[in-house]
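Work through the exercises below with the sequence and the structure at hand. Each task is followed by a solution in steps.

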Amino acid sequence: MSFDSTDDDVRVELMRELKTASQLQHAWIMQAWQSEPGLHPAAAMLLSDLAKNGETRPSELAKRRFVDLSVVSRQITQLSAAGLVDRRPAPEDGRASLVSVSEKGRAELARWRAGYVEFMEKALGGWDDERVTDLTARLAEMNADLRQALGSNAYLADTNK
């Protein structure tokens, strides 16, 4: 079978559109960061993940984010220095730590979220809530199926728990 781009499967086109959406989201994040430098966007996304999923070990954050523990450790150090996260020893193992979002971190997340909501409202202002909710539900279903197809390691990245 020869490669013919006009015969691409609709599933391949879906993945292309999702990649484009991800790149556009990244462009907005970088644009916002450049207009107000500070915490690196990757550290901000880790903070957001932590706020959504609650207190956890850095190793679990790394698994959930599909990155090396050293990357998460650097980001936690940056977040901690900015006063955006709290650390405490894990009760079952004093060598390990648990990380959670501080009150200052929650305030920063609220500020960042307001900017993101404003951007999304500008971009999707013509969409009604039903349309947005329908797309969100379909994407969540697709992501669950992709995690299942990838196997047990991908399950850890499920941020909808």
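**Exercise 1. Surroundings of a loop serine**

S102 touches G83, L84, V85 and D86, leaving out residues up to four places away in sequence. The model is a predicted one. Task: state where S102 lies in the fold, whether S102 is buried or exposed, and which backbone atom lies 2.6 Å from a polar atom of its side chain.

Solution.
1. Place: S102 belongs to the loop between β2 (93–101) and α5 (103–124).
2. Accessibility: the relative accessible area of S102 is 5%. Buried means under 20%, so S102 is buried.
3. Polar partner: a polar atom of the S102 side chain is 2.6 Å from the backbone oxygen of G83. G83 is also among the residues that S102 touches.

**Exercise 2. Overall layout**

Task: describe the order of helices and strands along the chain, and state what share of the residues is buried.

Solution.
1. Count of elements: the protein has seven helices and two strands.
2. Order: along the sequence the pattern reads α-α-α-α-β-β-α-α-α.
3. Burial: of the 161 residues in the protein, 22% are buried.
4. Contacts: among contacts with a separation of 6 or more, 50% join residues 24 or more positions apart.

**Exercise 3. Length and start of helix α1**

Task: test whether the distance between the end C-alpha atoms of α1 agrees with the expected span, and find the side-chain contact at the start of α1.

Solution.
1. Extent: α1 covers residues 10–35, which is 26 residues.
2. Expected span: the rise is 1.5 Å a residue, applied to one less than the number of residues, so α1 should span 38 Å.
3. Comparison: the end C-alpha atoms of α1 are 38 Å apart, which agrees with the expected span.
4. Start of the helix: a side-chain oxygen of D9 comes within 2.6 Å of the backbone nitrogen of R11.

**Exercise 4. Helix α2 and its packing partners**

Task: for the pairs α2 with α4, α2 with α5 and α2 with α3, give the angle, classify the packing and list the residues in contact.

Solution.
1. α2 with α4: helix α2 (residues 41–53) packs against helix α4 (residues 69–81) at about 85 degrees, and the axes are 9 Å apart. Angles of 65 to 115 degrees count as roughly perpendicular, so α2 and α4 fall in that class. From α2, A42, A43, L46 and L47 meet V72, Q75, I76, Q78 and L79 of α4. By class, this contact of α2 with α4 holds seven nonpolar, two polar and no charged residues.
2. α2 with α5: the angle is about 110 degrees, with the axes 11 Å apart. These two helices, α2 and α5, are therefore roughly perpendicular. The contact brings A44, L47, S48 and A51 of α2 to G105, R106, L109 and W112 of α5. Five of the residues in the contact of α2 with α5 are nonpolar, two are polar and one is charged.
3. α2 with α3: the angle is about 110 degrees and the axes are 11 Å apart. The pair α2 and α3 is therefore roughly perpendicular. M45, L46, D49, L50 and N53 of α2 make the contact with L61, R64 and R65 of α3. The contact of α2 with α3 divides into four nonpolar, one polar and three charged residues.

**Exercise 5. A glutamine in helix α4**

Task: decide whether Q75 is buried or exposed, and name its contacts.

Solution.
1. Place: Q75 sits in helix α4.
2. Accessibility: the relative accessibility of Q75 is 12%, and therefore Q75 counts as buried.
3. Contacts: beyond its neighbours within four places in sequence, Q75 contacts A42, A43 and L46. A42, A43 and L46 are in α2.

**Exercise 6. Two further residues**

Task: compile the environment of V99 and the backbone and accessibility of F66.

Solution.
1. V99 is in strand β2, and its relative accessible area of 1% makes V99 buried.
2. In sequence V99 and E55 are 44 residues apart, while their C-alpha atoms are 5.4 Å apart.
3. Leaving out residues up to four places away, V99 touches L50, G54, E55, T56, P58, I76, V85, D86 and R87.
4. F66 lies in the loop between α3 (58–65) and α4. F66 is not a glycine, yet has a positive phi of about 60 degrees.
5. The relative accessible area of F66 is 53%; exposed means over 50%, so F66 is exposed.

Key
Residues numbered from 1 in each chain as written. Predicted model: local features only at pLDDT ≥ 70, side-chain atom pairs only at ≥ 80, totals over all residues. Heavy atoms only, no water. Helix = DSSP H or I, 4+ residues; strand = E, 2+ residues; numbered from the N terminus. Buried < 20%, exposed > 50% of the residue type's maximum accessible area, 1.4 Å probe, protein only. Polar contact = N/O pair within 3.5 Å; in protein donor to acceptor, adjacent residues only side chain to side chain. Contact = heavy atoms within 4.5 Å. Axes fitted to C-alpha atoms, helices over the stretch in contact; angles between N-to-C directions. Parallel < 35°, antiparallel > 145°, perpendicular 65-115°, else oblique. Nonpolar A, V, L, I, M, F, W, Y, C, P; charged D, E, K, R; others polar.
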